[in-house]
Amino acid sequence: MLIRQLQSVDIRPIPTAHLTTTMSLLVLNISELSEKIISEMAANPAMDIVEGHFCPNCQRPLLDSTHCPICSRPKDLDSSNPIVFVSARNDFHNHPLESEDLENDFEDYTYETEDLPTYVLKQISSELEIEDRPIAAHILTSLDEDGLLRNPLIEIAAFYHVSPRQVERVQKIIQSADPLGVGSSSPKQALLVQLEILSQTNDIPPHTKEAIAEGWDFLTHQQYPELSHLLGVTITQAKEIARFVGSNLNPYPARANWGDARQPTTPYRGAFYRPDVIISLLNNDENGPLVVEVISPIDGKLQVNPLFRSGIKDADPDKLEQWHSDLERATLFVKCLQQRNQAIVRLMERIVTIQHDFILNGDSYLQPLTRARLAREIEVHESTISRSVSGKTALLPSGKIIPLSKFFDRSLQVRTELQKIIQEEGQPLTDMELVDLLMQRGYKVARRTIAKYRSMEGIMPSHGRKKLKPKKLIYQSP
DNA sequence: CTATGGCACGGATT
DNA sequence: AATCCGTGCCATAG
């Protein structure tokens with residue numbers, strides 16, 4: 001229902017790429033594919049969805065016939081063989097996996113499983129006047145991947161022929177919704193909103209608001225002397241403010257629960273909040289096999305409508321040509337979809353086997369892996385891998401949603417090692433010293449690179465780290 | 001003078 | 001062919 005609403009006012013045009021080969025479906029992530037299928041269904045009468053059914057045993061929704069891949073698994077569990085299959089589980093928080101513990105966890109990140117706009121809209125819908133709804137929907141669908149609104153309010157106001165004042169009011173309502181500060185026009189504004197709310201229940205360092213509002217540049221550049229001067233407080237106090245902001249506020253609301261603060265340079269591709277694949281542990285058993293579900297955007301199996309196919313011989317001669325092309329198109333589309341799913345399944349089988357430890361134990365266990373190597377191993381073209389990976393996300397057993405590209409991150413190991421060293425450092429270490437320490441641990445990196453990694457991880461330079469608790473700072477220099 | 005960040009180059013990856 | 005990433009050089013902040 002709400003999704004409908006959003007779609008009806010979404011101003012972002014759906015890219016009208018022509019369906020030529022299977023590749024054009026492979027690049028799409030789950031949200032995009034979902035839209036694609038909907039529009040294809042609407043345009044082509046030969047398309048048909050047969051309802052999936054549920055496994056009588058575990059209630060898992062199934063696409064392909066009778067046998068649930070989990071229930072029908074061999075009794076002797078082999079943890080090195082993941083179970084990979086296409087699943088229709090769109091609303092998987094309603095179908096918690098095997099254990100009850102997991103169910104609780106699911107509560108926490110339910111909102112990650114639907115797209116951000118929908119999640120926010122649900123919260124605020126009761127506060128909205130009817131006439132505000134299109135505006136709210138417009139704002140929410142225009143958010144960038146950080147959860148910020150880059151379009152000027154004026155434009156939106158002009159678009160709907162309302163006063164900027166009114167748009168602003170809607171924005172305020174949105175900002176107070178759960179990823180606090182979502183829909184703000186800038187990181188700065190997001191912080192101010194969060195601060196405002198936080199100050200109602202917590203003590204905050206004095207002058208924090210002024211620091212953000214007026215000393216923004218100083219704050220983001222860690223120019224504490226200047227900041228302290230501006231606010232008329234001591235340098236220590238200025239640092240305290242920075243620390244407070246860094247560890248309690250989040251300039252990019254949408255990144256709240258992401259596995260990684262950085263966003264790969266993927267253009268906005270719809271919702272990042274719905275994973276394309278879900279990786280979980282069977283029965284939550286750490287030694288059990290991994291269950292990998294490649295999510296299908298529809299809860300049924302797409303097919304060519306058999307009635308249409310058989311009815312074609314009785315077709316009105318005028319329309320025969322049209323019917324034929326519909327039929328052909330539908331057949332192609334179904335085939336493409338199958339190939340897409342199959343490609344991702346094969347890819348995931350391999351990835352999950354290689355990165356098993358990473359999935360269970362975290363960043364430092366990531367194996368070096370390139371798309372090229374994977375392409376050789378499963379004997380597909382490199383570009384197939386690229387397309388399958390790009391713009392897609394996976395939900396890990398830990399509850400984090402990561403981009404699939406993280407499985408191919410070349411420097412993640414070093415960066416986590418770096419983090420560890422800095423966490424445990426007594427005195428702040430300079431980049432040069434860090435180079436040596438990493439060298440001892442078998443990582444060869446240049447001094448300059450350390451600096452890059454630090455800023456990626458949001459770690460301050462050595463002088464900025466003095467005696468401050470090494471908490472992850474979120475903002476980066478602009 | 002030392003540590004760090006910016007710019008840009010070249011090789012690797014996609 | 002386009003993009004990403006590590007690195008060297010140099011300016012500048014501390």
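How far does a polar side-chain atom of arginine 448 lie from a base oxygen of DNA strand B? The distance is 2.5 Å. The model is predicted, and every distance below is computed from it.

## The DNA surface

The elements that give two or more residues to the surface near DNA strand B are helix H18 (371-378), helix H19 (382-389) and helix H22 (447-457). H22 supplies the largest share, five residues. In all, 16 residues surround the strand. The closest are Arg371, Asp431, Arg448, Arg454 and Ser462. Of the atoms of DNA strand B that come within 4 Å of the protein, 63% belong to sugar and phosphate. By residue class, the surface near the strand holds eight charged, five polar and three nonpolar residues.

Polar contacts reach both the bases and the backbone of the strand. They are set out here.

| Residue | Atom of DNA strand B | Distance |
|---|---|---|
| Arginine 448, polar side-chain atom | base oxygen | 2.5 Å |
| Arginine 447, polar side-chain atom | base nitrogen | 3.2 Å |
| Serine 386, side-chain N or O atom | sugar or linking oxygen | 2.9 Å |

Arginine 371 has a second setting. While Arg371 is among the closest residues to DNA strand B, arginine 371 also lies over the face of phenylalanine 408. The distance to the ring centre is 4.8 Å.

## The nonpolar core

In soluble globular proteins, nonpolar side chains tend to be buried together. The largest nonpolar core here has 35 residues. Within this core, Ile279, Met348 and Phe407 touch the most other members. At least two residues come from each of strand E4 (83-87), strand E5 (277-281), strand E6 (290-295), H16, helix H17 (356-361), H18 and H19. H16 gives the largest share, eight residues. H18 and H19 thus appear in two lists: they supply this core, and they contribute to the surface near DNA strand B.

## Aromatic pairs

A pair of aromatic rings is described by the distance of the centres and the angle of the planes. The count comes to three aromatic pairs. One of them joins phenylalanine 159 and tyrosine 160. Their centres are 5.0 Å apart, the planes stand at 75 degrees, and the pair is edge-to-face. Phenylalanine 159 is partly exposed because its relative accessibility is 49%.

Another pair joins phenylalanine 308 and tryptophan 323. Why does this pair count as stacked? The planes are at 25 degrees, with the centres 4.6 Å apart, and planes under 30 degrees apart count as stacked. Phenylalanine 308 belongs to helix H15 (residues 306-311) and tryptophan 323 to helix H16 (residues 317-354), so the pair ties together parts that are 15 residues apart in sequence. The two partners fall in separate accessibility classes. Phenylalanine 308 is buried, at 8% relative accessibility. Tryptophan 323 is partly exposed, at 25%.

## Positive phi in two loops

Most residues other than glycine have a negative phi, and most peptide bonds are trans. Two residues depart from the phi pattern. Histidine 161 has a positive phi near 55 degrees. Histidine 161 sits in the loop between helix H8 (153-160) and helix H9 (164-175). Its relative accessible area is 73%, so histidine 161 counts as exposed.

Glutamate 379 also has a positive phi, about 55 degrees. Its place is the loop between H18 and H19. Is glutamate 379 buried or exposed? At a relative accessible area of 70%, glutamate 379 is exposed.

## Loop residues with distant partners

Leucine 249 lies in the loop between helix H14 (235-248) and E5. Leucine 249 is buried, because its relative accessibility is 2% and the cut-off for burial is under 20%. Which sequence separation lies between leucine 249 and leucine 195? They are 54 residues apart, yet their C-alpha atoms are 7.3 Å apart in space.

Serine 186 occupies the loop between H9 and helix H10 (187-201). With a relative accessible area of 25%, serine 186 is partly exposed. Serine 186 is 66 residues from tyrosine 252 in sequence, and the C-alpha to C-alpha distance is 8.8 Å. The side chain of serine 186 also reaches the backbone nitrogen of glutamine 189, at 3.1 Å.

Key:
Residues numbered from 1 in each chain as written. Chains lettered and ligands numbered in written order. Predicted model: local features only at pLDDT ≥ 70, side-chain atom pairs only at ≥ 80, totals over all residues. Heavy atoms only, no water. Near = heavy atom within 4 Å. Polar contact = N/O pair within 3.5 Å; in protein donor to acceptor, adjacent residues only side chain to side chain. Helix = DSSP H or I, 4+ residues; strand = E, 2+ residues; numbered from the N terminus. Nonpolar A, V, L, I, M, F, W, Y, C, P; charged D, E, K, R; others polar. Phe/Tyr/Trp six-rings, centres within 6.5 Å; stacked < 30°, edge-to-face > 60°. Buried < 20%, exposed > 50% of the residue type's maximum accessible area, 1.4 Å probe, protein only. Lys NZ or Arg CZ within 6 Å of the ring centre and 35° of its normal. Core = buried A, V, L, I, M, F, W, Y, C linked by side-chain atoms within 4.5 Å.
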